[in-house]
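Trainee: Please take a close look at one part of this model and walk me through it. I would like the buried and exposed residues there treated along with the packing.

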Amino acid sequence: MATDADSGLRDESRRRALSVTGTAALALALVVGWVVVYFIGLVGALWRFREPHAPAPILTMHDQWTDLAVGALQVVVGAIAIGAVYLARRRTLPAVLPLRHGSAREAALTWCAAIGAASAIVLVLSRLNIVRFGFSIPASVESDWLAAVSALAVGLREEPILVALPVLLLVGRMPIWAIMGLSATLRGFLYLYFGGGGFLWAAIWGAAAVWVYYRYRRLWVLILIHGFVMNIQVFDRVIPSDNSATVLQWINILILFAALLWWITPRALDAFLPNTVAVRSNDRPVETAPVVTDVVLNPENVNPDRSRNEPPVKP
């Protein structure tokens, strides 16, 4: 009997070791694939990180079309990879993925709040000279319209591969916090051209993007927000107005920080002043109010059938 038990333990230990090895191999393959797909962007970010004061690059029409072609290839690779992983895991994913919660509005609000929080944190650290966070000089381009299209398509280039793919591939094999950290790390490297603060900034909202997809399962929301909220300033290239850059930047700030306040205010009030705001039950708001009894002050109210005008009986 002892021999059978020992054999069973050894088999279980071997299976666990194989599972850990397989998970590590999948994670390594994912990282290698990321490096290959985003190789040009990673090299450019590392160069700008080392040379923060270098002049802005000059992109010819050929360079811009090449960039769009690379972006289209990234979108195709992401779609194929996600489809292949989903087909391979279609029987196991329902058991390891939680049910989709919340609405698209909640998903958008949560991620915009995370981006706003990341921006606030990094700006404070930058002011304190703890990290360097500086917006790089925009590239000089021949076609402003192609530059705008390229910037608006960033969500399509990044979110499927950096968010949906790692979740679908590794969920159930790794805890969600580990998947968030893995994705956030590479996202941070892609934004090193803003400095060390750029790495931290992108890592925070990149990790949040993984959690939002894991919980809400709405990839299109992440794609639209990345393209049309985070990169809204790109419309300055095609809007013939001297004040468009300032206006667009303020729109971006208002959207992100309004979302942050909208997300954090009810939670803060509920934490410090419970029963004074709406609480959530099964992801649906339920209005609650403090229950105040007036039995002590008005003992006649103990019996609801008695008239309020009848004086209480003295003991």
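Mentor: Start with Glu158, which counts as buried because its relative accessibility is 10%, under the 20% limit. The model is a predicted one. Glu158 has its place in helix α7, which covers residues 154-170. Leaving aside neighbours within four places in sequence, the contacts of Glu158 are Tyr38, Val163, Arg187, Leu190, Tyr191 and His226.

His226 leads to the next part, since it is one of the α10 residues that meet helix α5. Helix α5 spans residues 104-127 and helix α10 residues 219-228; the two pack with their axes 10 Å apart, at an angle of about 45°. That angle makes α5 oblique to α10. The crossing in which α5 passes α10 is right-handed.

On the α5 side, the residues in this contact are Ala104, Ala107, Ala108, Trp111, Cys112 and Ile115. On the α10 side they are Trp220, Val221, Leu222, Ile225 and His226. By class, the residues of the contact comprise 10 nonpolar, 1 polar and no charged.

Arg105 also belongs to helix α5. With a relative accessible area of 56%, Arg105 is exposed, because exposed means over 50%. The C-alpha atom of Arg105 is separated by 8.6 Å from that of Val221, although their positions lie 116 residues apart along the chain when counted as sequence separation. Val221 itself is among the α10 residues that meet α5.

To put the two charged residues side by side: Glu158 in α7 is buried, whereas Arg105 in α5 is exposed.

Note on methods: Residues numbered from 1 in each chain as written. Predicted model: local features only at pLDDT ≥ 70, side-chain atom pairs only at ≥ 80, totals over all residues. Heavy atoms only, no water. Axes fitted to C-alpha atoms, helices over the stretch in contact; angles between N-to-C directions. Helix = DSSP H or I, 4+ residues; strand = E, 2+ residues; numbered from the N terminus. Parallel < 35°, antiparallel > 145°, perpendicular 65-115°, else oblique. Left-handed = near helix turned anticlockwise from the far one by under 90°. Contact = heavy atoms within 4.5 Å. Nonpolar A, V, L, I, M, F, W, Y, C, P; charged D, E, K, R; others polar. Buried < 20%, exposed > 50% of the residue type's maximum accessible area, 1.4 Å probe, protein only.
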